[in-house]
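Thanks for sharing this one. Please have a look at the model below, and then go through my few notes.

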Amino acid sequence: YTFASEALESLSDEEICPKALLTGDSLIEWGYKPGPIFHDILSQVREEQLSGRLTTPEEAKSFVLKRFRKP
């Protein structure tokens, strides 16, 4: 318990839950229309971010544009 407690205290909120790389506003700027696909796109980007495969907004944009067609 002590080890886990000290480890948790040493982490910042940013490390535990980093700021999202993209928002729905980003998707709209790129020509996507709001709808159910937004949830899918943002969820997949978040999963990639938390796994460490995406680390910048530019990487996230490239991921979205390659993986999701504009409706």
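1. Does Glu47 count as buried or exposed? At 52% or 14% you will meet two other residues further down, but Glu47 has 54% relative accessibility and therefore counts as exposed. Here buried means under 20% relative accessible area, exposed over 50%, and partly exposed in between (1.4 Å probe, protein chains only).

2. A word on the basis: this is a predicted model, in which local features need pLDDT of at least 70 and side-chain atom pairs count only at pLDDT 80 or more, while totals for chains, interfaces and linings use all residues. Residues are numbered from 1 along each chain as its sequence is written, and side-chain values use heavy atoms, with hydrogens and water left out.

3. Glu47 lies in helix H4; helices are DSSP runs (H or I, at least four residues) numbered from the N terminus. Its C-alpha atom is separated by 12 Å from that of Pro18, 29 residues apart along the chain.

4. Now to helix H5 (residues 57–67), where Ala60, Phe63 and Val64 are buried. They cover an arc of only 95° around the axis, so they sit on the same side of H5; the arc is that of the directions from the helix axis to the C-beta atoms. Glu58 and Lys66 are exposed on the other side of H5. The cover over the buried residues includes helix H3 (24–29) and helix H4 (36–51), with contact meaning heavy atoms within 4.5 Å.

5. Finally, the whole structure holds one salt bridge, meaning a side-chain nitrogen of Lys or Arg within 4 Å of a carboxyl oxygen of Asp or Glu. Arg53 and Glu48 form this pair (2.8 Å, N to O). Arg53 counts as exposed at 52%, whereas Glu48 counts as buried at 14%.

Conventions. Helix = DSSP H or I, 4+ residues; strand = E, 2+ residues; numbered from the N terminus.
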